[in-house]
Amino acid sequence: MSAAVSSGGTPPGSPESRRIVLLRHAKADWPQVSDHERPLAERGRKDAPVAGRRLAETGIPFDLALCSTADRTRETWKLAVQELPHRPRTVYEERLYEASLGDLLALLGETPDDVADLLVIGHNPGMHALADALAGRAEGDALSRMSRDGFPTSAFAVVSFSGPWKDVEHGVGTLVDYWTPHD
């Protein structure tokens with residue numbers, strides 16, 4: 001895939017062209033703390049910057065990042081964002097923690113229309129379910145790889161669509177990229 005991700009029909013940067021990047025948090029540890037407070041494991045601290053570099057390589061100029069309030073997602077974002085050419089506005093969203101597919105779709109629908117490129121840092125099974133639900137189409141083998149790999153930690157999917165955020169629904173987009181740190 002080229003460094004710039006195409007939107008599958010609508011030129012990138014046009015008012016109706018939108019991209020959603022769904023990033024699953026990096027590998028977390030299992031200490032004796034609440035699930036919400038689980039930190040990253042050593043492998044997660046290594047993988048998060050790698051994911052950040054790969055996000056930078058997509059060339060997507062994120063307008064907004066929505067990050068779960070869980071410690072492992074916040075730590076993933078802190079390590080990944082350092083690799084991006086510019087830091088997008090970040091909103092720590094508690095509704096991303098343990099969000100259902102319906103919750104995630106509702107959150108996307110609340111995105112301001114001046115946001116063209118949105119990054120969501122969250123959890124499974126939500127990130128995988130949302131990528132799968134949005135992807136009515138796919139470029140290349142992205143969908144088969146995502147189905148095969150099951151959206152491991154530090155993986156991300158890029159879905160493009162056209163139209164306002166309030167119209168995001170099942171099958172609206174094209175899965176244009178899928179990446180995992182341990183291919």
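**Charge distribution, fold and nonpolar cores**

In the protein, the mean position of the 20 positive charges and that of the 27 negative charges lie 4 Å apart. The coordinates analysed here are those of a predicted model, and the values reported below were computed from it.

The secondary structure consists of 5 helices and 7 strands, which follow one another from the N terminus in the order β-α-β-α-β-α-β-α-β-α-β-β. The radius of gyration of the protein is 15 Å, close to the 16 Å that the globule rule gives for 183 residues, so the protein is as compact as a globular protein of that length. Taken along the principal axes, the box filled by the C-alpha atoms is roughly 50 × 30 × 30 Å. Of the 183 residues, 50% count as buried, and the protein exposes about 8200 Å², of which carbon and sulfur atoms supply 50%. When contacts between residues at least 6 apart in sequence are considered, 77% of them join residues at least 24 apart.

The largest nonpolar core comprises 29 residues, and within this core the members that touch the most others are Leu-22, Leu-108, Leu-118, Leu-134, Phe-151 and Trp-165. At least two residues of this core are supplied by each of the strands β1 (17-24), β2 (64-68), β4 (117-122), β6 (156-162) and β7 (173-179), and likewise by each of the helices α3 (101-109), α4 (126-134) and α5 (142-149). For Leu-134, with residues up to four places away in sequence not counted, the residues touched are Ile-20, Leu-105, Leu-108, Val-159, Val-168, Glu-169, Gly-171, Val-172 and Gly-173. Apart from the largest core lies another core, of 18 residues, which includes Ala-51, Trp-77, Leu-119 and Trp-179.

Two loop residues on either side of α5 were also examined. Ser-154, in the loop between α5 and β6, is buried, with a relative accessible area of 1%. Once its neighbours within four places in sequence are left aside, Ser-154 is in contact with Leu-23, Arg-24, His-25, Ala-26 and Lys-27, with Asp-47, Ala-48 and Ala-51, and with Trp-179 and Pro-181; of these, Ala-51 and Trp-179 are among the residues of the 18-residue core. Glu-139, which is found in the loop between β5 (135-138) and α5, has a relative accessible area of 28% and is therefore partly exposed, given that this class lies between the 20% and 50% limits. Glu-139 and Pro-181 are separated by 42 residues in sequence, and their C-alpha atoms are 20 Å apart in space.

Conventions. Residues are numbered from 1 along each chain as its sequence is written. This is a predicted model: local features need pLDDT of at least 70, side-chain atom pairs count only at pLDDT 80 or more; totals for chains, interfaces and linings use all residues. Side-chain values use heavy atoms; hydrogens and water are left out. Helices (H or I, at least four residues) and strands (E, at least two) are DSSP runs, numbered from the N terminus. The radius of gyration is taken over C-alpha atoms; the globule rule is 2.2 Å times the number of residues to the power 0.38. Buried means under 20% relative accessible area, exposed over 50%, partly exposed in between (1.4 Å probe, protein chains only). Contact means heavy atoms within 4.5 Å. Accessible areas come from the Shrake-Rupley method with a 1.4 Å probe; for residues, only the protein chains shown count as cover. Lys and Arg count as positive and Asp and Glu as negative; His and the chain ends are not counted. The place of a charge is taken as NZ of Lys, CZ of Arg, CG of Asp or CD of Glu. A nonpolar core is a set of buried Ala, Val, Leu, Ile, Met, Phe, Trp, Tyr and Cys residues joined through side-chain atoms within 4.5 Å.
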